[in-house]
Amino acid sequence: DPEFSICELLLATLNKYVTECNEGARKQERYEEMLKLSQQLEFCKEVRTLPIMSTSRWLIRSGQLSQINMDAKLTFSRRLTRVGSKLTLFLFTDILVITKKKGEDNFLVIDYCQRNLVQMSEMKDSTGSNRHLLMVTLLENHELKTVELMLCCESETMRQRWLQAVSPPVSSDPNETLYEDWDCPQVSAIHEYVASQPDELSLQPGDVVKVFRKMADNWYYGERIRDGETGWFPVNHIVEIASMHVRAKNLKQRWRFLALSGNYVQEMQRKNKT
């Protein structure tokens, strides 16, 4: 039916137009929010200034948490003490910014860290107060140092939302590994690949692709950086290259080793006392 086909085409065109309008409005809202935040965030003298405005950066979530003072060395046994100052955290698409409130609407930046170098984990409250504690580890802060913060959330829901925000996605399929744009591997094509299906990605030698999905049968799904095209491609045509993801992976492995070593030492000390 020609009339039905025309209606289908018009509906598809209208849906595309609405989607583009919604995306444009969302980008404008994000831009205005980032512009306001860039005016509210002030860097203290000890912290290297970071440009807040970026075309690929927007706010994921923010919130105020109470800092718990710790008396311990990195990753080893800790003794919780009194509640310290209030901190306001701003999690952007690529970075976590830690601030203290300054005045009514302004914030003083005291530290920041790349999002894929932030580790968050639940902590039990050894005082019996049933506080919603969160251990935040900056594997590499603005001074290229590893820093740990014990924070207290106002509710269990808030704690889980923070944990989810910095955790990479996990697939229900054991044969699939998922990645987010803020922490994904990159590969470079070493052989030409010509797509044989509409959902595949053609590759030329030298093409760099961000990988969002890895399958156990040696097929990857990703986005070609030079033009934003996405699709599936076989592993035997690419090699993984150095990236922030690889560096973050190495730092996380080192941190886990230190944490395990600390737990082992703590357990040995406990056994020796008994």
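These legends describe close-up views of a predicted model.

**View 1. A nonpolar surface patch that includes Tyr17.** Leu11, Leu14, Tyr17 and Val18 together make a nonpolar patch of about 400 Å² on the surface. Tyr17 belongs to helix H1, which runs over residues 2-40. The relative accessible area of Tyr17 is 52%, and the residue is exposed.

**View 2. The cysteines Cys21 and Cys44.** Cys21 has a relative accessible area of 37% and is partly exposed. Cys44, with a value of 15%, is buried. The structure holds 0 disulfides.

**View 3. Lys45 in the loop between strands E1 and E2.** Strand E1 covers residues 41-43 and strand E2 covers residues 59-70, and Lys45 sits in the loop between them. Lys45 counts as exposed, at 84% relative accessibility. Along the chain, Lys45 and Val109 are 64 residues apart; their C-alpha atoms are separated by 9.6 Å.

**View 4. The salt bridge of Asp94 and Arg57.** The side chains of these two residues, Asp94 and Arg57, meet at 2.8 Å, N to O. Asp94 is in the loop between strand E3 (80-92) and strand E4 (95-102), while Arg57 is in the loop between E1 and E2, so the salt bridge ties together parts that are 37 residues apart in sequence. Asp94 is partly exposed, with a relative accessible area of 25%. Arg57 counts as buried, at 10% relative accessibility. In the structure, the count of salt bridges comes to 14.

**View 5. The buried side of helix H2.** Helix H2 spans residues 156-166, and its buried residues are Met158, Arg159, Trp162, Leu163, Ala165 and Val166. These residues lie on the same side of H2, because they cover an arc of only 160° around the axis. Thr157 and Gln164 are exposed, and they are carried on the face of H2 turned away from its buried side.

**View 6. The salt bridge of Glu176 and Arg213.** The closest N and O atoms of Glu176 and Arg213 are 2.5 Å apart. This pair links distant parts of the chain, with Glu176 in strand E9 and Arg213 in strand E11 (residues 208-215), 37 residues apart. Glu176 counts as buried, at 14% relative accessibility. Arg213, at 31%, counts as partly exposed.

**View 7. Thr177 in strand E9 and its contacts.** Strand E9 is made of residues 176-178, and Thr177 is found in it. Leaving aside residues up to four places away in sequence, Thr177 touches Phe212, Arg213 and Lys214. Thr177 is partly exposed, with a relative accessible area of 38%. The C-alpha atoms of Thr177 and Tyr220 are separated by 9.6 Å, and the two residues are 43 residues apart along the chain.

**View 8. Arg226 and Asp227 in a salt-bridge network.** Arg226 and Asp227 form a salt bridge in which the closest N and O atoms are 3.7 Å apart. Asp207, Arg224, Arg226 and Asp227 are joined into one network by salt bridges that share partners. Arg226 is exposed, with a relative accessible area of 56%. Asp227 counts as partly exposed, at 37% relative accessibility.

Methods
Residues numbered from 1 in each chain as written. Predicted model: local features only at pLDDT ≥ 70, side-chain atom pairs only at ≥ 80, totals over all residues. Heavy atoms only, no water. Patch = residues over 30% accessible without salt bridge, like charges linked within 9 Å, V, L, I, M, F, W, Y side chains within 5 Å. Areas by Shrake-Rupley, 256 points an atom, 1.4 Å probe, with all protein chains shown as cover. Salt bridge = Lys/Arg side-chain N within 4 Å of Asp/Glu carboxyl O. Helix = DSSP H or I, 4+ residues; strand = E, 2+ residues; numbered from the N terminus. Buried < 20%, exposed > 50% of the residue type's maximum accessible area, 1.4 Å probe, protein only. Disulfide = S-S within 2.5 Å. Contact = heavy atoms within 4.5 Å. Arc of directions from axis to C-beta.
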